[in-house]
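Student: Please take me closely through one part of this structure, starting from a single residue and working outward through its partners to its surroundings. I would like the cut-offs behind each term as you go.

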Amino acid sequence: ELGKRAPRWIRDNEVTMCMKCKEPFNALTRRRHHCRACGHVVCWKCSDYKAHLEYDGNKLNKVCKDCYHVIIGCTDSEEKKRKGILEIESAEVSGNSVICSFLQYMEKSKPWQKAWCVIPKQEALVLYMYGAPQDVKALATIPLLGYTVDDTPKSADLPHSFKLTQSKSVHSFAADNEELKQKWLKVIHLAVKGET
């Protein structure tokens with residue numbers, strides 16, 4: 001179907017990095033482009049290919065490297081390297097997760113920041129954190145087993161916050177409301193005990 005039908009475009013605000021090379025976008029140097037064949041958001045380096053697309057009257061369109069190779073029928077001789085632990089697409093795990101949502105996150109004395117958090121079904125003891133729901137690489141993972149959960153917010157914390165602590169490692173999270181906080185705590189309380 002590639003090139004025969006117009007793709008569903010991933011919105012710019014759903015990603016924080018190129019969906020092909022994983023280079024982070026920033027306001028100054030990284031413009032976002034859409035592959036006209038698959039709809040993914042990519043950086044300028046990864047959108048530097050053109051192919052004739054049937055759905056657009058066989059006009060030459062900007063496409064990503066992967067789609068270019070498929071459309072022109074060229075096989076990429078590079079063997080697919082094994083994905084690292086962080087290189088699991090958010091959309092891949094979010095669609096098959098125990099729980100996923102945006103949470104505020106704070107580590108050590110850094111400021112609170114918004115993160116797309118996911119606990120996938122196939123790894124129900126690991127919390128993946130992404131910058132946005134369509135990112136192709138996690139910013140961090142937290143193996144939940146053995147963590148202590150503190151769900152009483154301190155006065156400096158956001159009202160619906162909770163903490164995960166293990167030895168000197170402290171991760172603070174805050175949900176938008178009490179109902180969402182309780183949903184996360186229900187799953188996390190099981191995971192820290194090794195239950196799924």
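Tutor: Phe 162 has Phe 173 of strand 11 as its bridge partner, and Phe 173 is a good place from which to begin. What follows concerns a predicted model, in which local features need pLDDT of at least 70 and side-chain atom pairs count only at pLDDT 80 or more, while totals for chains, interfaces and linings use all residues. Residues are numbered from 1 along each chain as its sequence is written, and side-chain values use heavy atoms, with hydrogens and water left out.

The protein chain contains three helices and eleven strands, where helices (H or I, at least four residues) and strands (E, at least two) are DSSP runs numbered from the N terminus. Read from the N terminus, their order is β-β-β-β-α-α-β-β-β-β-β-β-β-α.

Strand 11 covers residues 169–174 and has strand 10, residues 161–166, as an antiparallel partner over six bridges; two strands are said to pair if DSSP finds at least two bridges between them. Two residues separate these strands in their hairpin, and there Ser 167 takes a positive phi near 55°. That sign deserves attention in a residue other than glycine, because most residues other than glycine have a negative phi. Ser 167 belongs to the loop between strand 10 and strand 11 and counts as exposed, at 76% relative accessibility; the classes are buried for under 20% relative accessible area, exposed for over 50% and partly exposed in between, with a 1.4 Å probe and protein chains only.

Strand 11 also pairs with strand 5 in the antiparallel sense, over four bridges. Here the partner of Tyr 105 is again Phe 173, while Gln 104 stands opposite Ala 174 in strand 11. Phe 173 is thus a bridge partner both of Tyr 105 and of Phe 162.

Moving on from strand 11, strand 5 (97–107) and strand 6 (113–120) pair antiparallel over eight bridges. Within that pairing, Ser 101 has Cys 117 of strand 6 as its bridge partner. The hairpin of strand 5 and strand 6 has five residues between the strands, and Lys 108 takes a positive phi near 50° in it.

Phe 173 and Cys 117 meet again in the largest nonpolar core, which has 23 residues and in which both are among those with the most contacts, together with Ile 119, Leu 127, Leu 144, Trp 184 and Ile 188. Such a core is a set of buried Ala, Val, Leu, Ile, Met, Phe, Trp, Tyr and Cys residues joined through side-chain atoms within 4.5 Å. At least two of its residues come from each of strand 5, strand 6, strand 7 (126–130), strand 10 and helix 3 (178–192). Helix 3 gives the most, with seven residues. Across the protein chain, 40% of the 196 residues count as buried.

Tyr 105 leads to another feature, the second largest pocket, which holds about 190 Å³ of space. Of the 13 residues lining that pocket, those closest to its centre are Tyr 105, Glu 107, Lys 110, Gln 113 and Met 129. A pocket is an open set of points on a 1 Å grid over the protein atoms alone where a 1.4 Å probe fits, with protein on both sides within 12 Å along at least five of seven lines, and its lining residues have an atom within 4 Å of a point. The points are joined across faces, edges and corners, and the volume is the space filled by probe spheres set on them. Two or more lining residues come from each of strand 5, strand 6 and strand 8 (140–143). By class the lining has eight nonpolar, three polar and two charged residues, with Ala, Val, Leu, Ile, Met, Phe, Trp, Tyr, Cys and Pro taken as nonpolar, Asp, Glu, Lys and Arg as charged, and the others, Gly among them, as polar.

Cysteines complete the picture. The structure holds zero disulfides, a disulfide being a pair of cysteine sulfur atoms within 2.5 Å. For Cys 100, the nearest cysteine sulfur is that of Cys 117, 9.8 Å away, and Cys 100 is partly exposed, with a relative accessible area of 26%. Cys 38 is likewise in no disulfide, with the sulfur of Cys 35 nearest at 3.6 Å.
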